[in-house]
Amino acid sequence: MNKWKYFSPEGVRDLLPTEFLAEEELRRRLTEYLHQSGLRGLGTPEIEFYDLYASGRFAPQEGLFKFIDERGRILCLRYDGTIPLARVLGTSLREHQLPDGFWYLGSVFRYNEQGGGKLRAFQQAGVELIGSGGTRADAEALRLASGFLATTGLKEYTFALGEVSYFKYLLEIWRLDAEAEAAVIAAVQSQAVAALPTLTESYGLSADIVRALEMIMTRRDIGVLEDLSALASDSRVREALDNLGAVYAAVRQIDPEVNLVLDLTLLQSMEYYTGTVFKAYAPGLAYPLLSGGRYDNVLANFSRPAPATGFSSSLPFILRALSWQAKNRDEGVLDILGVSNKLRRARIYYALPAYNRAVELSRELIGAGLPTLLDWEDYDPNVAEAVREGSDDLLIYVDLDDCRVLNGADFEPSRRTDSLTEIIARYAKGEA
Amino acid sequence: MDKNRNGLLTIALPKGRLADSTYALLTAARIQCPNPAEAGRKLILTDEELGIRLILAKPADVPTYVEYGVADMGVVGLDTLLEAERNLLEVLDLGIGRCALCLCGDPKLLDTWPSLPHKRIGSKYPRYTERYFIEQMRESVEVIYLNGSVELAPLLNLTDMIVDIVESGQTLRENGLVVLRELTPVSARLVVNQASMRIKQERINAIISALSAVVK
């Protein structure tokens, strides 16, 4: 049983101290933002019944980590944040007054081959606005998503805003057979304008359909909504596109600075979403770092029919985008997050009789804002010499009648506590 | 680390013939970029002024570079694209590098191959082959992955048939094999990273429309 002992399974990884600190700070910022937005936090277990996801086909069966409990029931690891939350709203919170907004942050587990880093276990945060349909809720979800990303310290990101219901109505009108429909959806999703002539030929698409598809795939201006409505001449298509236009205008008006593009090809998860959808992209990241949209049919599956919209975002993706931004600006992710000084610490060596003094000094330093490790080795000047060379820590030696800083060319070894305090203050500020 | 990476548009080209024909297309479309023929052994050609960087990659790796976003766009044969199963935006048929993915085998199998009970197929395209038989024929087949000279497989009785690209059919003929079915026509495609498409929209769209004007 030794073969795999040094390895981690595919798709999971360790967080080394610097990454750990970065993710910790990111989580802190997001938690604070979501809390201050007046949303209610909600936690669900890492283990669920398989039926939770299977009942509404909310996850592909090959995407779930599955195992069997002692009564023979199929269990799975939490695949996302939304579906468990919908279950809670249909059960424990069935009397909770809606509309209301919720947030979650926790690990999700997926067997997937996608995701840039192909991660199978990662932290995900999300927001769900439950109980309201309509433009205002859609725009609010997008506004919260924009604030969410701003909180992370990311400077460059672009939101793509789209819709799925208009396309479902178009498909109803077009009455294509199943194979043609699948081909058309795939082509639109991958913006394969190139495939249009072949599609037209293979499935005998009408000129109107081709014109609509071309419009959907190539146009990104706001005028496309009007032109497409005119072409479709169906009130449901018009309503869906009007709503999209209104959401677009609302977000633009709230935040003229936000990079927002209209994109009618965002048809991923068409079975799940029912209206407005959006994704955020950042340079250096091959996948969206945030995805969201309206899903009005999900809660009915848990006996609590209610319109809903929301978004989720994975922390490793945000960190990856941050590290791209950092590289381009010659700084570190910890600098962007404003926590680079958090890696600083003091390390106190002491002579055994001075134990009490050392503990006292460590409390003092911690109180002054400098994390302090009380070293448990005997102080050996030779070892300390070697340690001094490679250490970023502020090394301090304490015995009954001495207390001095061991490293730092700028530092005068000193017995006087007040100059020690000064040195420590300088070190903590990052000047050393 | 160059600081203008965000401003650069990175295009991944497959080394060799396809890179040269792509360059010809770009030139015809009046899109200025470095000439891959002058690369020598260099793998990256950057023109800071034009803000364009070319990556010369192994053809099968182009979809990977584009999917991960280290290249914004790339040129790749449909055969490679179908095998890679990457999440990319396939925006344009460049009409170059034309050939076909075909099921080939002994002439005796011309009419009888569909009823072979347990089909063993040799291919450089194992995922595509498996998918084709599941989706088009509702049948699971045994695919044996081979790196090249795939024609050997039926000759040595390793497999009944092969799936490979066929251009002139010369190699097939010389080894006594025939095309049993053409599975799909192949040509080079322009693919774009889904994030780049939204972030660098204007530049990418300008290139797509310029190219589509010169592609027949």
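Reader: Is E139(B) buried or exposed?
Author: This is a predicted model, and the answer rests on computed accessibility. E139(B) sits in the loop between α4 (126-137) and β8 (142-145) of chain B. Its relative accessible area is 18%, and the cut-off for buried is under 20%. E139(B) is therefore buried.

Reader: With which side chain does the side chain of E139(B) make a polar contact?
Author: Beyond its neighbours within four places in sequence, E139(B) is in contact with L116(B), P117(B), K119(B), F133(B) and I134(B). For one of these residues, a polar contact between side chains is found, at 2.5 Å. The partner is K119(B).

Reader: How many helices and strands does chain B have?
Author: The C-alpha trace of chain B spans about 60 × 35 × 30 Å along its principal axes. Among its contacts between residues at least 6 apart in sequence, 68% join residues at least 24 apart. The secondary structure of chain B comes to 8 helices and 11 strands.

Reader: What percentage of the residues in chain B is buried?
Author: Chain B has 216 residues. E139(B), at 18%, is one of the buried residues, and C102(B), at 4%, is another. Buried residues make up 52%.

Reader: How many disulfides are there over all chains?
Author: A disulfide needs two cysteine sulfur atoms within 2.5 Å. The count over all chains follows from this rule. C102(B) is in no disulfide, and its nearest cysteine sulfur, on C104(B), is 5.3 Å away. The count is 0.

Reader: What is the relative accessibility of C403(A)?
Author: The cut-off for a buried residue is under 20% relative accessible area. C403(A) counts as buried because its value falls under that cut-off. The value for C403(A) is 7%.

Reader: What area is buried between chain B and chain A?
Author: The size of an interface is often given as the accessible area lost when the parts come together. Here 23 residues of chain B are in contact with 28 residues of chain A. Carbon and sulfur atoms give 48% of the buried area. That area is about 2300 Å².

Reader: Which elements give two or more residues to the side of chain B that touches chain A?
Author: Between the two chains, 6 residue pairs are in polar contact, both residues being at pLDDT 80 or more. On the side of chain B that touches chain A, the residues divide into 9 nonpolar, 6 polar and 8 charged. The elements that give two or more residues to this side are β5 (89-93) and α7 (194-199) of chain B.

Reader: Which residues form the salt bridge across the interface of chain B and chain A?
Author: Side chains of opposite charge can pair when their charged atoms come close. The rule finds 1 salt bridge across this interface, with N and O 2.7 Å apart. One partner lies in helix α7 of chain B and the other in the loop between β8 and β9 of chain A, so the pair joins two chains. The residues are R198(B) and D263(A).

Reader: Are R198(B) and D263(A) buried or exposed?
Author: D263(A) has a relative accessibility of 1%, under the 20% cut-off for buried. R198(B) falls in that class too. Both R198(B) and D263(A) are buried.

Reader: With which residue of chain A does D263(A) form a salt bridge?
Author: The closest N and O atoms of this pair are 3.9 Å apart. D263(A) is in the loop between β8 (259-262) and β9 (276-281), and its partner is in the loop between α8 (207-218) and α9 (223-232), so the pair ties together parts that are 43 residues apart in sequence. The partner is buried, with a relative accessible area of 15%. The partner is R220(A).

Reader: How many residues apart are R189(B) and D93(B)?
Author: Their side chains meet in a salt bridge with N and O 3.6 Å apart. R189(B) lies in strand β11 (residues 188-192) and D93(B) in strand β5, so the bridge links distant parts of the chain. R189(B) counts as buried, at 10% relative accessibility. The two are 96 residues apart.

Methods
Residues numbered from 1 in each chain as written. Chains lettered and ligands numbered in written order. Predicted model: local features only at pLDDT ≥ 70, side-chain atom pairs only at ≥ 80, totals over all residues. Heavy atoms only, no water. Buried < 20%, exposed > 50% of the residue type's maximum accessible area, 1.4 Å probe, protein only. Contact = heavy atoms within 4.5 Å. Buried area = accessible area lost by both parts, 1.4 Å probe. Salt bridge = Lys/Arg side-chain N within 4 Å of Asp/Glu carboxyl O. Polar contact = N/O pair within 3.5 Å; in protein donor to acceptor, adjacent residues only side chain to side chain. Helix = DSSP H or I, 4+ residues; strand = E, 2+ residues; numbered from the N terminus. Nonpolar A, V, L, I, M, F, W, Y, C, P; charged D, E, K, R; others polar.
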